[in-house]
Amino acid sequence: MQKSEVSTSATVVLRTNVANKPYDDKRVRNALQLAVDNATVLKLGYNDAGTVAENHHVCPIHPEYAELPKVARDIEKAKALMTEAGQMDTEFELISYDAEYVKNPGDVIAAQCREAGFKIKRTVIPGSSFWNDWTKYPWSTTEWNMRPLGVQVLALAYRTGEAWNESAFSNPDFDAKLAEALSIADADKRREVMKDVESILPGLRRDHPVVLALDLSPLAALCAWHVHAPDLRGSPRKRLAGQVISAKLRKGLWPFRHCLRRKQQ
């Protein structure tokens, strides 16, 4: 049997919601981030069946992707930030639903945060109940499926007022840059526009454990990995839908077909 894999950009995100204290404090978000190593989360939480993600919601297969310097786990700095924020005695509740592919990485993240001296409470909710309030939890894991363009993901997840903005992130300058990028068909030109986001959100990084996409900005989450396809978790109906979408993109039935890039491994 021949085995074939492809990076899909589907990912698990561990995000904080900045409308809830103490996650409105950047030092707290960054402390949680620095306490976690994404490679370990991928290995122990998902049996290494993916590629290590970089704490932002744009995958290397997306045309808007731009590599940023790597940032390693730093427990001492994590402790220093949490101490400075006055939250070392706070108990942080990490919420997941009961599917193993989101629960297991959450367990790994909780263990690593405890190694850093943080008090972590794990709460696992049945999937039938979890999705009722998934955008409101202060700190939780979420699964995000593939979108062909990075700007599509950023618009769904981080634009002010979006229904799926689970981090409660809101920044007018970011919204303006994103709107500009969404109006450009050329991928290289979109990438240039999105590079300016780093100046809007100081300290923007990609490769860091617990704060997603725009991790050092007022939002936080964790991209633990980009899942490889075929996604054995998906139902046959979901897999068929993905094949249909890909086929339409390739045949030019949908716009931006040239932006669907797959990394064969």
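Is Lys-189 buried or exposed? Select Lys-189 to start the tour; the model in the viewer is a predicted one. At 55% relative accessibility, Lys-189 counts as exposed, because the cut-off for that class is over 50%. The residue sits in helix α8. Now add Glu-64 to the selection. Along the sequence, Lys-189 and Glu-64 are 125 residues apart, yet from C-alpha to C-alpha the separation is 8.9 Å.

**The whole chain**

Zoom out and colour by secondary structure. The protein has ten helices and six strands. Of its 265 residues, 53% are buried. If contacts are taken between residues at least 6 apart in sequence, 74% of them join residues at least 24 apart.

**Helices α7 and α8**

Go back to α8 (residues 187-195) and select α7 (residues 172-182) with it. The axes of these two helices are 9 Å apart and pack at an angle of about 175 degrees. That angle makes α7 roughly antiparallel to α8, because the class begins over 145 degrees. Show side chains for the contact: on α7 they belong to Lys-177, Leu-178, Glu-180 and Ala-181, and on α8 to Arg-190, Val-193 and Met-194. By class, this contact of α7 with α8 has four nonpolar residues, three charged and no polar ones.

Stay on helix α7 and pick Ala-176, which is part of it. Ala-176 counts as partly exposed, at 48% relative accessibility. Select Arg-159 as well. Ala-176 and Arg-159 are 17 residues apart along the chain, and their C-alpha atoms are separated by 9.5 Å.

Next, select Ala-168, in the loop between α6 (150-158) and α7. Ala-168 is partly exposed, with a relative accessible area of 30%. Check its backbone too: phi of Ala-168 is near 65 degrees, a positive value in a residue other than glycine. Most residues other than glycine have a negative phi.

**Helices α2 and α4**

Select residues 38-46, which form helix α2, and residues 100-115, which form helix α4. Their axes come within 8 Å and cross at roughly 135 degrees. This makes α2 oblique to α4, because an angle of that value falls outside the parallel, antiparallel and perpendicular classes. The crossing of α2 and α4 is right-handed. To see what touches, show Thr-40, Val-41, Leu-44, Gly-45 and Tyr-46 on α2, then Tyr-101, Asn-104, Pro-105, Val-108, Ile-109 and Gln-112 on α4. Sorted by class, the contact of α2 with α4 has seven nonpolar residues, four polar and no charged ones.

Which residues does Gln-112 touch, not counting those up to four places away in sequence? Select Gln-112 in helix α4 and show its surroundings. The list is Ala-35, Val-36, Asp-37, Thr-40, Val-41 and Arg-73. Two of these names, Thr-40 and Val-41, also appear on the α2 side of the helix contact. Gln-112 counts as buried, because its 6% relative accessibility is under 20%.

**Asn-55**

Move to Asn-55, in the loop between β2 (50-52) and α3 (75-84). Is Asn-55 buried or exposed? Its relative accessible area is 0%, so Asn-55 is buried. Show the side chain of Asn-38 next to it: the side chains of Asn-55 and Asn-38 make a polar contact (3.5 Å). The backbone is worth a look as well, since phi of Asn-55 is near 60 degrees, a positive value in a residue other than glycine. Ala-168, seen earlier in the tour, likewise has a positive phi.

**The last stop: Lys-21 and Pro-22**

What kind of peptide bond joins Lys-21 and Pro-22? Select both residues and display the backbone. The bond is cis, with omega about 0 degrees. Most peptide bonds are trans. Pro-22 belongs to the loop between β1 (6-16) and α1 (26-34).

Notes
Residues are numbered from 1 along each chain as its sequence is written. This is a predicted model: local features need pLDDT of at least 70, side-chain atom pairs count only at pLDDT 80 or more; totals for chains, interfaces and linings use all residues. Side-chain values use heavy atoms; hydrogens and water are left out. Axes are lines fitted to C-alpha atoms, for helices over the stretch in contact, and angles run from 0 to 180 degrees between N-to-C directions. Helices (H or I, at least four residues) and strands (E, at least two) are DSSP runs, numbered from the N terminus. Angles under 35 degrees count as roughly parallel, over 145 as roughly antiparallel, 65 to 115 as roughly perpendicular and the rest as oblique. A crossing is left-handed if the near helix is turned anticlockwise from the far one by less than a right angle, and right-handed if clockwise. Contact means heavy atoms within 4.5 Å. Ala, Val, Leu, Ile, Met, Phe, Trp, Tyr, Cys and Pro count as nonpolar, Asp, Glu, Lys and Arg as charged, and the others, Gly among them, as polar. Buried means under 20% relative accessible area, exposed over 50%, partly exposed in between (1.4 Å probe, protein chains only). A polar contact is a pair of N or O atoms within 3.5 Å; within protein, one must be able to donate a hydrogen and the other to accept it, and residues adjacent in sequence count only if both atoms are side-chain atoms.
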